[in-house]
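Please open the structure in your viewer and keep the sequence panel beside it. The stops below say what to select next and what is to be found there.

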Amino acid sequence: AFKVASTDDMMMCLAFLPAACVTGLLTMRIKRQERDLIKRERRTNALYDFSRCLAEARGAEEIAVCGYASLQRIFGFPAAIFPVGADGRPAHAPLGGSVALISAKDEAVAAWCLQNRRKAGQGTDTLASAECLCLPLLGRSECVGVLMFFPPQGYRLDPEHEAMLDALVSHLGVAFEREAFAARSKNAEVLENSERLHQALLNSVSHELRTPLTGLMGAASALRDDKVAANPEHRALLTQTIEEGA
């Protein structure tokens with residue numbers, strides 16, 4: 001039976017009890033901090049791997065694949081990346097084709113997000129009834145697309161996960177903008193080379209035409225002279241010049 005024989009034993013039990021409680025609380029706090037550090041380290045490694053993948057990616061498709069892989073690894077939810085179309089609205093098909101079926105309501109949320117450059121959809125104050133969460137892919141100077149994120153219905157991102165998602169979206173926006181600038185630079189270089197070739201060809205043709213035209217004009221002008229025209233040798237020579245020039 002549980003029995004305290006003396007007053008000294010009672011005092012010892014009363015001293016051990018708060019010491020045990022304090023030790024347990026401190027141990028629990030240390031364990032919680034350890035778990036948080038492990039989670040933070042995992043997310044930091046995920047961000048590092050994501051940044052390295054983006055640095056090695058070539059083309060919008062590879063960038064999108066890097067984004068999908070990182071989002072799946074960190075959150076475990078499907079996603080779709082829509083670049084900006086020629087009409088300023090989200091493109092009809094996502095990069096990489098990660099999501100097969102997207103409703104018209106989700107497309108409307110993505111269009112609103114792209115137009116206003118603000119997040120919208122599930123978990124926000126705008127169009128919260130949608131099944132997706134849309135985040136604009138913002139570069140340094142323009143909005144290059146929309147990320148559609150599909151968490152379970154009623155799921156709420158905690159502040160740490162939300163900050164992680166914002167960091168991924170920011171990296172994606174800069175990467176897509178970099179790729180767009182590279183494509184524009186390449187097109188500009190092609191146009192510049194085409195213009196240079198066009199000018200060289202035009203100068204060459206102009207030079208090739210200038211000599212015979214000068215000969216034609218000189219021969220025709222000489223034939224207007226009655227004395228030159230009356231001379232059979234001169235007339236034959238000028239006629240031959242005109243024929244060769246033509």
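**Starting at a salt-bridge site**

Select D166 to begin: at 32% relative accessibility, D166 counts as partly exposed. Keep in mind throughout the tour that this is a predicted model. Now add K119 to the selection, and the side chains of D166 and K119 will be seen to meet in a salt bridge, 3.5 Å from N to O. Because D166 lies in helix α4 and K119 in the loop between α3 and β2, the pair ties together parts that are 47 residues apart in sequence.

With K119 still selected, add E162, whose side chain also meets that of K119 in a salt bridge, here at 3.3 Å from N to O. E162 is in helix α4 and K119 in the loop between α3 and β2, so this pair ties together parts that are 43 residues apart in sequence. E162 is partly exposed, with a relative accessible area of 33%, and K119 is partly exposed as well, with a value of 29%.

**Other salt bridges**

A search of the whole structure finds seven salt bridges. To view another, select E192 and R196, whose side chains meet at 3.2 Å, N to O; these two residues are four apart in helix α4 and are therefore separated by about one helical turn. E192 counts as partly exposed at 47% relative accessibility, and R196 counts as partly exposed at 48%. Then select D49, R52 and R73 together, which are linked in a network of salt bridges.

**A buried glutamate without a salt bridge**

Next, go to E177, which lies in helix α4. Which side chain of opposite charge is nearest to E177, and how far away is it? It is that of R140, 5.4 Å away, and E177 has no salt bridge although E177 is buried. A salt bridge would need a side-chain nitrogen of Lys or Arg within 4 Å of a carboxyl oxygen, so the distance given here does not qualify. Show the backbone as well, since the backbone nitrogen of R140 lies 2.6 Å from a polar atom of the side chain of E177, while the backbone nitrogen of E142 lies 3.4 Å from a polar atom of that side chain. Leaving aside residues up to four places away in sequence, E177 touches G139, R140, S141, E142 and V144.

**Helix α2 and the residues after it**

Select α2 now, which has 15 residues and reaches 21 Å from its first C-alpha to its last, close to the 21 Å expected at 1.5 Å a residue. Colour I63, A64, C66, G67, Y68, S70, L71 and I74, which are buried, and then show α1, β1, β4 and α4, against which the buried residues of α2 pack. Just after α2, G76 takes a positive phi of about 80 degrees.

**The aromatic cluster**

Stay in this region and turn to the rings, of which the structure holds three aromatic pairs. F75 and F149 form one that is edge-to-face, with 5.4 Å centre to centre and 75 degrees between the planes. This pair links distant parts of the chain, with F75 in the loop between α2 and β1 and F149 in strand β4, 74 residues apart. Are F75 and F149 buried or exposed? F75 is buried, and F149 is buried too.

Now select F77 and Y155, which form an edge-to-face aromatic pair at 5.1 Å centre to centre, with 75 degrees between the planes. Since F77 lies in the loop between α2 and β1 and Y155 in the loop between β4 and α4, the pair ties together parts that are 78 residues apart in sequence. F77 is buried, with a relative accessible area of 14%, whereas Y155 is partly exposed at 27%. Select F75, F77, F149 and Y155 together to see the cluster into which ring pairs link them.

**Positive phi in two loops**

Most residues other than glycine have a negative phi. Select R117, whose phi is near 55 degrees, a positive value in a residue other than glycine; R117 is in the loop between α3 and β2. At 44% relative accessibility, R117 counts as partly exposed. For the last stop select L127, which has a positive phi of about 55 degrees although it is not a glycine, and which lies in the loop between β2 and β3. At 40% relative accessibility, L127 counts as partly exposed.

Methods: Residues are numbered from 1 along each chain as its sequence is written. This is a predicted model: local features need pLDDT of at least 70, side-chain atom pairs count only at pLDDT 80 or more; totals for chains, interfaces and linings use all residues. Side-chain values use heavy atoms; hydrogens and water are left out. Rings of Phe, Tyr and Trp (its six-membered ring) pair if their centres lie within 6.5 Å; planes under 30 degrees apart count as stacked, over 60 as edge-to-face and the rest as tilted. Buried means under 20% relative accessible area, exposed over 50%, partly exposed in between (1.4 Å probe, protein chains only). Lys and Arg count as positive and Asp and Glu as negative; His and the chain ends are not counted. A polar contact is a pair of N or O atoms within 3.5 Å; within protein, one must be able to donate a hydrogen and the other to accept it, and residues adjacent in sequence count only if both atoms are side-chain atoms. Contact means heavy atoms within 4.5 Å. The expected span of a helix is 1.5 Å times one less than its number of residues.
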